[in-house]
Amino acid sequence: MNYKSTRGTSGEILSAAQIIKQGLASDGGLFVPESIPSLTHDEISALCSLSYPERAATILSKFLTDYTYDELLCDCKAAYCEDSFPGGAAPLKNVYDNIYSLELWHGPTAAFKDMALQIMPRLLSRALTKTGEDRTALILVATSGDTGKAALEGYKDIDKIKIMVFYPVDGVSRVQKLQMATQTGDNVNICAIKGNFDDAQTGVKVIFSDKDAAEKLDEKGYFFSSANSINWGRLAPQIVYYVSAYCDLLTSGKIKMGDKINVCVPTGNFGNIFAAYLAKLMGLPIDKFICASNQNNVLTDFLCTGTYNRNRDFHCTMSPSMDILISSNLERLLYFSAGAEKTAEYMSLLNTTGAYTVESEVLNTISENFKGYFADEEKTGATIKDYFKNHSYLSDTHTAVALNCAEQYINETGDKTPMVVASTASPYKFAADVLKSITGTNPTDALKALDILSEVSGTEISYPLRNLAERRVRFTTTIEHENMLSEVFAFIEK
């Protein structure tokens, strides 16, 4: 299995290990496989009796063909062990009727990013060996809250790797900020920027495409790589939990082999929902994908009109990991829907004008699978309260957006197909907003809100967030986003 760029202009045809090491294609595009491997009904049935690490190794072996199955199984068992995921990874819970919550936040940072970022550092470490790389990988990450902490936790103290995370200073929750600021590890650095997530993400992409910076880095014995979902090593593990959810529905007798399900994903950068789409391309019986946005509903507008336009007001919401106007992984969907030439054209327009419009036939192709809905702040808060009061289910702010959008789709279409909703974070990561939604009170201390929410809801604080206030703050730097590159070089000089 080899990989190529979504833009088709670089001419690169690389192995899995090479693209996991490199991260981004040299023409600025994202790597995609030359072909999609199949997943038959017999194979799905066989997966039902396996553990999550075994399911993960089987799926990943179809894409990462220069890794052996034994290597992948070893890494998956280490990544998804009981110490990191108490009670098991990615449990599926029936909330009510045909709505199921795929809880992806039971890992070491209480967010769905752990599902990929506990395995990805192991894949990268092997990639360095497989490609004969003797330089140190410098991982750059732009985060809207959860990716940063999950990447830091996954890569801390890994040999031959350093990691630097940028986040918008006013664009993450207090809990998210403290999780990053108190990160341990000798090879990590965290820096806030003045700006929003798109400024951070664009800054990282600009650094990746800076040839002079790459040459200077090479002279110092480093090379750039990425832990964001633009890196295929982040995206591929996310396919697994949608396959696993289908297996769990089968084994519980909720569906029969071949029955279709729908999937609803709270969406910012489009990576998580695109991973589900890849599962469908492989052969997993998924019918519709509900793309759930918050008030920053650029994706909803795109899926309804075919026009992607980031030239709009940016809203800071109670679901900050979705406060994004440039959804990088949408580029991969455009590639599979319109081809490399058109994708390159769209991305050029996005970079120069901030907008593009796909042709009607391209939109029709996308619309066969994807439906877009959004929930504003009022709907998000009301959904948290409703699900807690009427269904005894405590959701975080992002999951609430997805639950609301799933209901919008069901009410609009009458579709009773089982709906798997990706639950992407522990409610305790956003305890203040969850508590306010349930009780109407506005806690002044975001950390005390964890204890109050636990008392009000009768649930336990997620283990990675306990005693957060007692941890030592190590990182306090804030810079202008134009100065990200100089901060990178200051880090490696330390």
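Author: Two strands count as paired if DSSP finds at least two bridges between them. This model is predicted, and strands S1 (residues 2-5) and S2 give a small case to start from: they pair in the antiparallel sense over 2 bridges.

Reader: Which residue in S2 is the bridge partner of Tyr-3?

Author: Tyr-3 is bridged to Leu-14 of S2.

Reader: In what order do the strands of that sheet stand?

Author: The order is S2-S1-S3, an open sheet of 3 strands with antiparallel pairing. Strands S2 (14-15) and S3 (31-33) each have a single partner strand, so they stand at the edges and one side of each is left without a neighbour in the sheet.

Reader: Now the parallel case. How many bridges join S10 and S11?

Author: Strand S10 (residues 261-266) pairs with S11 over 5 bridges, in the parallel sense. One contact to look up is Val-265, whose bridge partner in S11 is Cys-291. The connection involves a helix: S10, H12 and S11 make a β-α-β unit, and the unit is right-handed.

Reader: Which other strand pairs with S11, and in what sense?

Author: Strand S14 (residues 370-374) does, in the parallel sense and again over 5 bridges. Here Ile-290 stands opposite Lys-371 of S14.

Reader: Is S11 mostly covered or mostly open?

Author: Mostly covered. Of the 8 residues in S11 (residues 286-293), 7 are buried.

Reader: Next, empty space. What is the general idea for finding it?

Author: A probe the size of a water molecule is rolled over the atoms, and this shows where empty space is left. In this model the count is 3 cavities of 30 Å³ or more. The largest cavity holds about 270 Å³ of space, and the second largest has a volume of about 50 Å³.

Reader: What lines the largest cavity?

Author: There are 23 lining residues, and those nearest the centre are Phe-112, Lys-113, Gly-268, Asn-269 and Ser-321. Helices H11 (232-251) and H12 (271-282) are the elements that give two or more residues to this lining. H12 is also the helix of the β-α-β unit with S10 and S11. By class, the lining has 7 nonpolar, 14 polar and 2 charged residues.

Reader: Which residues line the second largest cavity?

Author: They are Ala-142, Gln-201, Val-204, Lys-205, Asn-228, Ile-230, Asn-269 and Ser-328. Helix H9 (residues 197-208) gives the most to this lining, with 3 residues. The classes here are 3 nonpolar, 4 polar and 1 charged. Asn-269 appears in this lining, and Asn-269 is also named among the residues nearest the centre of the largest cavity.

Reader: Last, disulfides. How many does the structure hold?

Author: The structure holds 0 disulfides. The test is a distance: two cysteine sulfur atoms must lie within 2.5 Å.

Reader: Why is there no bond between Cys-48 and Cys-247?

Author: The closest cysteine sulfur to that of Cys-48 is in Cys-247, and the separation is 3.9 Å, so the two are too far apart for a bond. Taken from the other end, the closest cysteine sulfur to that of Cys-247 is in Cys-48, at 3.9 Å.

Reader: Are these two cysteines buried or exposed?

Author: Cys-48 is buried, with 18% relative accessible area. The cut-off for buried is under 20%. Cys-247 is buried as well, at 0% relative accessibility.

How values were computed
Residues are numbered from 1 along each chain as its sequence is written. This is a predicted model: local features need pLDDT of at least 70, side-chain atom pairs count only at pLDDT 80 or more; totals for chains, interfaces and linings use all residues. Side-chain values use heavy atoms; hydrogens and water are left out. On a 1 Å grid over the protein atoms alone, a cavity is a set of points where a 1.4 Å probe fits but cannot get out, and a pocket is an open set with protein on both sides within 12 Å along at least five of seven lines; lining residues have an atom within 4 Å of a point. Grid points are joined across faces, edges and corners, and a volume is the space filled by probe spheres set on the points. Helices (H or I, at least four residues) and strands (E, at least two) are DSSP runs, numbered from the N terminus. Ala, Val, Leu, Ile, Met, Phe, Trp, Tyr, Cys and Pro count as nonpolar, Asp, Glu, Lys and Arg as charged, and the others, Gly among them, as polar. Buried means under 20% relative accessible area, exposed over 50%, partly exposed in between (1.4 Å probe, protein chains only). A crossover is right-handed if, with the strands pointing away from the viewer, the path from the first strand over the helix to the second runs clockwise.
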